[in-house]
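Visitor: I'd like to learn how to read a few features off a model. Could we walk through one together?

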Amino acid sequence: MADLQYALVFLICLASIKLVRTILGKTRTTAKLPPSPTRIPIIGHMHLLGPILHQAFHKLSTRYGPLVYFFIGSKPCVLASSPEMAKEILKTNETNFLNRPKVANLHYLTYGSSDFATVPYGPHWKFMKKLCMTELLGGRILDQLCPIRREETRRFLRLMMEKAEAREEVNVGGELMRLTNNIITRMTLGQRCSDNEDEAGEVRKLVKALNQLGSKFNVSDTIWFCKNLDLQGFRKKLKDARDKYDVMMERIMKEHELARKMKNYKDDTLKNLLDILLDIYEDENAEITLTRENIKAFIMV
């Protein structure tokens, strides 16, 4: 009986190996994939990607041609290294490559890719692009917001003159950062970042934490069997950071909604980015429905 069981196990294993080879063979012959180096299980071709990434890509393209198929862990990637291939991907077949890969940390921070940068290609993406080009980044809006940029620049120059006349030292880099923050927050939220120094400091820390977490390498993005594991302990950090951001944005949005009702906003009123997004959020006849999560994710970008 034991010999029969071993024989059955052996036959099953042999049949499984044959089946896998057949499937892989068909995949290779029908997929018509670009040339690819031999990969190592689990890590794929990560061993070929050195610390200077563009040099590693150059070596791959020199050996395998202008289009190379490789894996970062279990994630398939394509390397295009010639103008002709770049044109094929970025222009000729543009719609096939518009979606960005899902990155776990960024996906969570942006409320499930609810922003413009990571939202999948489709009607919502087209609407967001149209919104950016016509309402948020159009010449008319930028011209309307020019007084804000001019006022903040004059404020910065006046501070520099006062420090110079008083022969006081000044952290020019820090003041330039403050200038940039004030311009951005006034254009997007209608308030200066540095009006409340304590709050401004907390906002800067929060934004820094969000940026760092969003750009961190997460092993669950590249190794398939680690997808549901939190080996690097990101979950609590991501939740804490997004919860703090969520509380801050909800407060700011409610303040704006209350101010809009009290001031009876009109079409010709000078509006910031948040006001424009709230207009669409409140418009029942809008082309695409915006959620509060969409607005928060948009502002975050």
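Visitor: Let's begin with the rings. How many aromatic pairs does a search of the whole structure find?

Guide: Four aromatic pairs turn up. Keep in mind that this is a predicted model. As for the general idea, a pair of aromatic rings is described by the distance of the centres and the angle of the planes. Take Tyr69 and Phe71: their ring centres are 5.2 Å apart and the planes meet at 75°, so this pair is edge-to-face. The cut-off behind that word is an angle over 60 degrees.

Visitor: And are Tyr69 and Phe71 buried or exposed?

Guide: Tyr69 is buried, at 16% relative accessible area, and Phe71 is buried too, at 10%. The limit for that label is under 20%.

Visitor: Which other pair could I look at, and what is its geometry?

Guide: Try Trp224 and Phe225, which are also edge-to-face, with 5.5 Å from centre to centre and 90° between the planes. The surroundings read like this: Trp224 is exposed, with a relative accessible area of 64%, while Phe225 counts as partly exposed at 40%.

Visitor: What about charges over rings? Which ring does the charged end of Arg39 sit over?

Guide: That would be Phe71, with the charged end of Arg39 3.8 Å from the ring centre. Phe71 is thus a residue to click on twice, given its pairing with Tyr69. There's also Arg242, which lies over the face of Tyr108 at 4.1 Å from the ring centre.

Visitor: Now the strands. In which sense do β1 and β2 pair, and over how many bridges?

Guide: General idea up front: in a regular strand the side chains alternate between the two faces of the sheet. Here, β1 covers residues 67-72 and β2 covers residues 75-80, and they pair in the antiparallel sense over six bridges. For one register check, Phe70 has Cys77 in β2 as its bridge partner.

Visitor: What links the two strands?

Guide: They form a hairpin, with two residues between β1 and β2. In the turn, look at Gly73, whose phi is positive at about 65°.

Visitor: Where do the strands fall in the pattern of the chain?

Guide: Along the sequence you meet two helices, then the two strands, and helices from there on: α-α-β-β-α-α-α-α-α-α-α-α-α-α. The count is twelve helices and two strands.

Visitor: To zoom out, what share of the chain is buried?

Guide: Buried residues make up 33% of the 301 in the chain. The chain exposes about 20400 Å², with carbon and sulfur atoms supplying 59% of that. Among contacts with a separation of 6 or more, 56% come from residues 24 or more positions apart.

Methods:
Residues numbered from 1 in each chain as written. Predicted model: local features only at pLDDT ≥ 70, side-chain atom pairs only at ≥ 80, totals over all residues. Heavy atoms only, no water. Phe/Tyr/Trp six-rings, centres within 6.5 Å; stacked < 30°, edge-to-face > 60°. Buried < 20%, exposed > 50% of the residue type's maximum accessible area, 1.4 Å probe, protein only. Lys NZ or Arg CZ within 6 Å of the ring centre and 35° of its normal. Helix = DSSP H or I, 4+ residues; strand = E, 2+ residues; numbered from the N terminus. Contact = heavy atoms within 4.5 Å. Areas by Shrake-Rupley, 256 points an atom, 1.4 Å probe, with all protein chains shown as cover. Pairing = 2+ DSSP bridges.
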